Amino acid sequence: MTDRKAQLAANLARVEERISSSCAAAGRARDEVTLIVVTKTYPASDVRALCDLGVRHVAENRDQDAAPKAAACADLPLTWHFVGQLQTNKVRSVTSYADVVQSVDRARLVTALSSAAVRAERELGCLIQVALDAESGERGERGGIAPDGVAELAAAVDAADGLRLDGLMTVAPLAGPFAGRQRAAFDRLVEISSRLRVGHPAATMVSAGMSGDLEDAVAAGATHVRVGTAVLGDRPRLG
Ligand SMILES: *Cc1c(COP(=O)(O)O)cnc(C)c1O
């Protein structure tokens, strides 16, 4: 094993331990929570090593970095999640490798994703990104739609050819009433998810929690945690 792979293995083991203890503490089965490793800014060789170590879900947030990486790893049994703010001019590229887009936050993006998915003859999983710091009708600092816009956008995804409504995603807000209150933020997301599932029972994914707050997300009921630095190390500034 290379030094890098050994380091990734040790980091993964620590993250795995954190997820399983949080599951145990919350009375949840370990298999209710899926680890997505956020590989942004790290090379394809790390993705390959992670796959060797058993990782099956990876996430990226910038198409420029993700597209060549996904191409270099096309032979691997990985599910690719796109978690960054997405411009419509990148949609065709993202649709060529992403299995799930977690950052769906506006009707125009739904239309663009749908055309691209139909053209590529792919079914694309979609999560509505909820901005818990956004006022009604506005978008969040880091993308996302205000909670009161979720139902309408979810209906648009559900009605769109080529798209599958999988659930909800959030990033814990840095500002507003939930700033510094991750557990409360994730509880709120789970509440919005429960309401969504009344009309869309298959939309079960709740993607929340990162390196610093995955315990809060598991406790609140997240089904997917997105972990970058705790597995790969501190990123250089850009990511
Ligand atoms: C980078 C990123 C993560 C991972 O964050 P870490 O703090 O490195 O674990 C999770 N979600 C999104 C949307 C990200 O951009």
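In the predicted model, Glu121 is located in the loop that links helix 5 to strand 5. The phi angle of Glu121 is near 55°, a positive value in a residue other than glycine. With a relative accessibility of 75%, Glu121 counts as exposed, because the cut-off for that class is over 50%. Glu121 follows helix 5, which comprises residues 107-119.

Helix 5 contains 13 residues, and the distance from its first C-alpha to its last is 19 Å. This distance is close to the 18 Å expected at 1.5 Å a residue. The buried residues of helix 5 are Leu109, Val110, Leu113, Ser114, Ala116 and Ala117. These buried residues pack against two helices, helix 4 (91-97) and helix 6, and against strand 4 (100-104), strand 5 and strand 6 (163-170).

Strand 5, one of the packing partners of helix 5, spans residues 124-130 and includes Leu127. Leu127 has a relative accessible area of 0% and is therefore buried. Beyond its neighbours within four places in sequence, Leu127 contacts Val100, Val101, Gln102, Ser103 and Val104. The contacts of Leu127 also include Asp166, Gly167, Leu168 and Met169, together with Met205 and Ser207. Asp166 is 39 residues from Leu127 along the chain, yet their C-alpha atoms are separated by 5.6 Å.

The loop between strand 5 and helix 6 holds Ser136. This residue counts as exposed, at 52% relative accessibility. When residues up to four places away in sequence are not counted, Ser136 touches Ala146 and Asp148. The side chains of Ser136 and Asp148 form a polar contact at 2.5 Å. The C-alpha atoms of Ser136 and Gln85, which are 51 residues apart along the chain, lie 19 Å from each other.

Asp148 also belongs to the lining of the second largest pocket, as do Pro147, Val150, Ala151, Arg188, Ile192, Arg195 and Leu196. Two elements each give two or more residues to this lining, namely helix 6 (150-159) and helix 7 (182-199). Helix 7 supplies the largest share, four residues. The lining of the second largest pocket comprises five nonpolar and three charged residues, with no polar ones. The space in this pocket amounts to about 160 Å³.

Enclosed space was examined as well. Rolling a probe the size of a water molecule over the atoms reveals where empty space remains. The count gives one cavity of 30 Å³ or more. The volume of the largest cavity is about 70 Å³. Its lining consists of 13 residues, of which Ala131, Asp133, Arg142, Gly143 and Val171 are the closest to the centre. By class, six residues of the lining of the largest cavity are nonpolar, four are polar and three are charged.

Toward the start of the chain numbering, helix 1 covers residues 3-26. At 1.5 Å a residue, its 24 residues should span 34 Å, and the end C-alpha atoms, 35 Å apart, agree with this expectation. Within helix 1, Lys5, Leu8, Asn11, Leu12, Val15, Ile19, Ser22 and Cys23 are buried. The buried residues of helix 1 pack against strand 1 (34-38) and helix 2 (44-52), and also against helix 8 (214-220), strand 8 (224-227) and helix 9 (229-232). Gly27, with a positive phi near 70°, follows helix 1.

Arg28 is placed in the loop between helix 1 and strand 1. Although charged by class, Arg28 has a relative accessible area of 15% and is therefore buried, the limit being under 20%. The side chain of Arg28 makes a polar contact with the side chain of Glu32 at 3.1 Å. In addition, the Arg28 side chain reaches the backbone oxygen of Val218 at 2.9 Å. Apart from residues up to four places away in sequence, Arg28 touches Cys23, Val33, Val218, Gly221, Ala222 and Thr223.

The loop that joins strand 1 to helix 2 contains Thr41. Thr41 is not a glycine, but its phi is positive, at about 70°. With 29% relative accessibility, Thr41 counts as partly exposed.

Conventions: Residues numbered from 1 in each chain as written. Predicted model: local features only at pLDDT ≥ 70, side-chain atom pairs only at ≥ 80, totals over all residues. Heavy atoms only, no water. 1 Å grid on protein atoms, 1.4 Å probe; cavity = no way out; pocket = protein on both sides within 12 Å on 5 of 7 lines; lining within 4 Å. Points joined across faces, edges and corners; volume = space filled by probe spheres on them. Expected span 1.5 Å × (residues − 1). Buried < 20%, exposed > 50% of the residue type's maximum accessible area, 1.4 Å probe, protein only. Contact = heavy atoms within 4.5 Å. Polar contact = N/O pair within 3.5 Å; in protein donor to acceptor, adjacent residues only side chain to side chain.
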